[in-house]
Amino acid sequence: MSFRIKVFLSIAATAMLSVWIVAAVVSALVSDSFERRDQQRTAALVNQFQREFDRRGAEAARRIEAVADSDAVQRLALNFPDASSYFTEAQTLAQEQSLDFLELVGPDQTIISSAEWPARFGYKEDWLAQPVDWKSQGVFLKREALADGEALGLITVRTVKAGDGTLYVVGGWRLDQQFLDSLPGAEGMRVRLSQQPGQITPVNSDTITTLPLHGRDNQLLATLLIENSRADLVALKKYIRGTAAVVGAIGVLLGLVLSFWTASRVTRPLRSLASTVREVSTGKWDTRATVSSADEIGQLARDFNGMTEQLVEQRDRMIQAERVAAWRELARRLAHELKNPLFPLQITIENLQRARDASSEQFDEVFRESTTTLLAEVGHLKTIIGRFSDFAKMPAPQLEPVDINQIVRQIIQLFEAQLHAPGKPAVETKLVLEKDLGPVSADPEQLRRALRNLVLNALDAMPGGGQLTIRTSRSDGKVAVEVSDTGEGLTPEECNRLFTPYYTTKQHGTGLGLAIVQSVVSDHKGTITVHSEPGQGATFRIEFQA
Amino acid sequence: MKRPAWAWLALSSLAFATAHAATRPHYGGSLTVELHAGSIPIDSAASALSIPITETLVRLNARGGVDPILCVAWQHDPDFKRWRFSLRPKVTFHDGEPLTGATAAPSLLAALKKKYSDVSIQTGGQAIVIQSGSAMPELLSDLAAPDSAVFRKNEANPRIPLIGTGPFRITAWEPGRRLSLAAFDDYWNGRPYLDSVTVGLVAGQAHADIFDIPYGLTRRAFPEGTSIWTSAPRTLVAITAANAPPALLQALALVIDRPPIANVLAQQRGDAAFSLLPQWLTGYAFLFQSTPDLEHAKQLVSQLRPAPMTLSYPANDVFLRTLAERVALNARDAGIMIQPTPNAGGNLRLIELQMQSTDPATELASIAATLGLSVHIESGKPETLYQAERSLLDRVIPLVHLREIYAIVPRVHIESSKPGSFALHLEDAWVQP
């Protein structure tokens, strides 16, 4: 993740978090305010309901009293028990007094006339048999049976003497939605009556306050539901959320701009420093970072410049030391390589000098032998010098499309005689060549030379015979050549030093073979690695860009 | 002080009888009749108020016998397939046309075709021969029915739609509003006392000489001296079911408490009905009487588990609506859920059936026909009548037999109509000058 994105995310997160906290606090305060307002309105409505309940109850009681005192009821009381012709009387009286419920009930609690359910005459109202002073009982809630169900009523009872018995006048008004609608309610408030416990379901997100309504025997008859609409609150919260979202978006946008600006300010010297580092890493040791500020980044640039200067000094010293060491190694190697043929030369020459004193036949024989030896050793010296000359003369590669498989086959063909030389342990050859290897841009002569050295190296590693395996492959845009032997293998330390010039593990090696291979591979922008374990042989792998 | 309705009826009947004995008939004068009914019946048989415009060949008397009216004699073959009637001579229609076989045959044939599809009538002078491929043992009862009245249609003048031979003739007919009648001076049995009769609908408070007292007005105060005439029970209110199982109807019949319906709901103007035909008509109706048996009804319902049903009743009829609610209330006690509903074709129907004949067999056959059923009653075998009625009770639940009640102002005197009789005959009425 880039520094710029990190800065942007930090600023955006800070802005969003701030806005969210503010929005949450404001929402909480608004909710609390609405909650208190709803509580006040609900309490006012409950008071209003109680007052209206009492007022209508008193009015119902007055009207039932009027019914009880009416001529019709008095006549009924006098004529009782002949009451069949009063069957419709309750409807007439209820209409006169504008009552929703009115029943005239006989002393045996049998309905004589019912306004709300005329067909119910003759049925019993057993609850009237209770010994109650109905006048002091006042108005109470009661579920009234109707032809099409039940209704809740504000009921009151009055009694009229009828002979030896008592005539009951039972009536009142409905407590229904119409009653509730008459209550002065604030906007957004709704009052409902639920007569089925357990079925109270709020509408949307409205808050519901319930007020249980009990009957005369304290049984729960209905529940008054006062619903406070939370539409305003929901709308306000939505507005707050919307505003917060807009402010948050602006914050994020601002954060984006600020992050770009800040990142530009901060990362410009860093990018410059990074560019300088990259240049230094490519070998431009004289490159220096620009110190444009006195802050931490400026200090970093200064320290980098100091470090680069120190590295340059150390590198120069190291190059100097390596150069000296290389010359010493070269001198040592040359001395060693040249000293070996010089000793036979010296002995041969001394033999010639001693042979001059002997007979001429002996001298001739010694002379022939000595000159032969001298020529052989001189040839040896020339070979040594030639090798050094070859290493020194590595030309720049002439690149052209090359079929590596073909080069591998040519090299194996070249070594065919050596591989199966009589009197020598046989080395078996195994070629595993990728069919679709494709051409590689390389110098064919140098490539041939490098592979020849690797094969030669492998054969040297298997003096007792074995298997030489050459494998070509192509993957991930690279072409690889592996040369494996089944020789003694190498230690990890030998592996590390293997490509150092003049390093050899062979008794008569110059230590230049693998150095030449590495030089060729390096000139072709390729890589060479070795994998080996003692006793497990060794595998050299060269990779080129396809 | 409230006076019971039965006391009113007794006192008014007594006053009616006293007045009848103390006065003598008087010719002349007009009579106005006002009805609360929704329409004015031109067919007098539909109401207890009899204002005869038409007549039948024969009439059933109170003893169950047959009296000749427009005929004087009749004969039939042993198979009851051929009947010969001799028409009464010197009888004319209201327009002066003499009553002959040819003038009487069209209305008679139309009436008889309803029952006897292959019936034919041959006429010759004052003779009428009625023939059918099947036996017609109840032909006299059929001819005594109001449907078999002899009349002629008067398509030329819609104000006088039919021309009969009865004591009153139509002078003006305004459908749904008014029926004006005048005495038929050439009536074969003597001119009626009244010069004219006007029948109209009650617009507000009744001010007529005779007016009906509908449901709900029984306790109303009437002018001093007004007498109350009550007919014999002649309207059956019953429940019919189209497809309800008989056991469910039985449960419903068991749970309905009829006496309160008759005494309270009908305001004592009816009798609890357990049979289709009233007691006064058959004499055996008491055999069907029963008391509510809620437990038995509940047992039947628990086996049936019936779905909720609807009970339809004629709209705007307060009595029938309350009766339907009462039935629903009673039914609920046994677990039968019934919803009263106006007019709609429910599972159950509350119907009113007007009696038109004093012959029980004819009346039962008429009820069966109205319900879309048929019954087999053998003439002269009352047990077959009983069996027929019992079979009909599987499909019909009778609730109440209603009477008709009329108020009659003191100046009106009706010679022949006693309280509790089948009809109030205005042809015998006269007014004091």
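**View 1. Chain A at a glance.** Of the 546 residues in chain A, 25% are buried. This is a predicted model, and the predictor gives the complex an ipTM of 0.73 and a pTM of 0.60. Chain A holds 13 helices and 15 strands. If we take the contacts in chain A between residues at least 6 apart in sequence, 63% of them join residues at least 24 apart.

**View 2. Helix 1 and helix 6 of chain A, side by side.** Here we look at helix 1 (residues 3-68) and helix 6 (residues 231-281) of chain A, whose axes come within 7 Å and cross at roughly 160°. Angles over 145 degrees count as roughly antiparallel, and helix 1 of chain A and helix 6 of chain A are therefore roughly antiparallel to each other. The crossing of helix 1 of chain A with helix 6 of chain A is right-handed.

**View 3. A:Arg448 and its surroundings.** A:Arg448 belongs to helix 11 (residues 444-461) of chain A. Is A:Arg448 buried or exposed? Neither label fits: with 18 other C-beta atoms within 10 Å, A:Arg448 is partly exposed, since a residue counts as buried at 20 or more and as exposed at 12 or fewer. Setting aside residues up to four places away in sequence, A:Arg448 touches A:Ile407 and A:Ile411. You can also find A:Val520 in this view: A:Val520 is 72 residues from A:Arg448 along the chain, and their C-alpha atoms are separated by 10.0 Å.

**View 4. Confidence along chain B.** Chain B has a mean pLDDT of 84, with 89% of its residues at 70 or more. Among the elements of chain B, strand 6 (residues 82-87) has the highest mean pLDDT, 96, and helix 1 (residues 5-22) the lowest, 42. Over residues 1-22 of chain B the pLDDT is below 50, and this stretch has 24 contacts in the model beyond near neighbours in sequence.

**View 5. Helix 9 of chain B, enclosed by its neighbours.** Eight of the eleven residues of helix 9 (residues 360-370) of chain B are buried, so the rest of the structure largely encloses this helix. To pick them out, look for B:Pro360, B:Ala361, B:Thr362, B:Glu363, B:Leu364, B:Ala365, B:Ile367 and B:Ala368. What do the buried residues of helix 9 of chain B pack against? Their partners in chain B are helix 3 (139-144), helix 6 (279-282), strand 20 (348-354) and helix 10 (382-392). After helix 9 of chain B comes B:Gly372, which has a positive phi near 80°.

**View 6. The largest nonpolar core and another one apart from it.** In the largest nonpolar core, which has 97 residues, B:Ala251, B:Leu252, B:Leu323, B:Leu364 and B:Leu399 touch the most other members. Helix 8 (residues 318-333) of chain B supplies the largest share of this core, eight residues. Zooming in on B:Leu323, and leaving out neighbours within four places in sequence, we find contacts with B:Val237, B:Ile261, B:Leu265, B:Leu350 and B:Leu399. Another core, of 34 residues, lies apart from the largest one; among its members are B:Ala48, B:Phe168, B:Tyr187 and B:Ile408. As general background, nonpolar side chains in soluble globular proteins tend to be buried together.

**View 7. Helix 4 packed with helix 7 in chain B.** The axes of helix 4 (residues 246-255) and helix 7 (residues 294-304) of chain B come within 8 Å and cross at roughly 155°. That angle makes helix 4 of chain B roughly antiparallel to helix 7 of chain B. The crossing of helix 4 and helix 7 of chain B is left-handed. On the helix 4 side of chain B, the residues that meet helix 7 are B:Ala247, B:Leu248, B:Gln250, B:Ala251, B:Leu254 and B:Val255. Facing them from helix 7 of chain B are B:Leu294, B:His296, B:Ala297, B:Leu300, B:Val301 and B:Leu304.

**View 8. Positive phi at B:Phe80 and B:Asn316.** Most residues other than glycine have a negative phi. B:Phe80, although not a glycine, has a positive phi of about 60°. B:Phe80 sits in the loop between strand 5 (71-76) and strand 6 of chain B, and it counts as partly exposed because it has 15 C-beta neighbours inside 10 Å. B:Asn316 also has a positive phi, near 70°. Where is B:Asn316? Look in the loop between strand 18 (309-313) and helix 8 of chain B. With 10 other C-beta atoms within 10 Å, B:Asn316 is exposed.

Key:
Residues numbered from 1 in each chain as written. Chains lettered and ligands numbered in written order. pLDDT = per-residue confidence, 0-100. Helix = DSSP H or I, 4+ residues; strand = E, 2+ residues; numbered from the N terminus. Contact = placed C-beta atoms within 7 Å. Core = buried A, V, L, I, M, F, W, Y, C linked by C-beta atoms within 7 Å. Axes fitted to C-alpha atoms, helices over the stretch in contact; angles between N-to-C directions. Parallel < 35°, antiparallel > 145°, perpendicular 65-115°, else oblique. Left-handed = near helix turned anticlockwise from the far one by under 90°.
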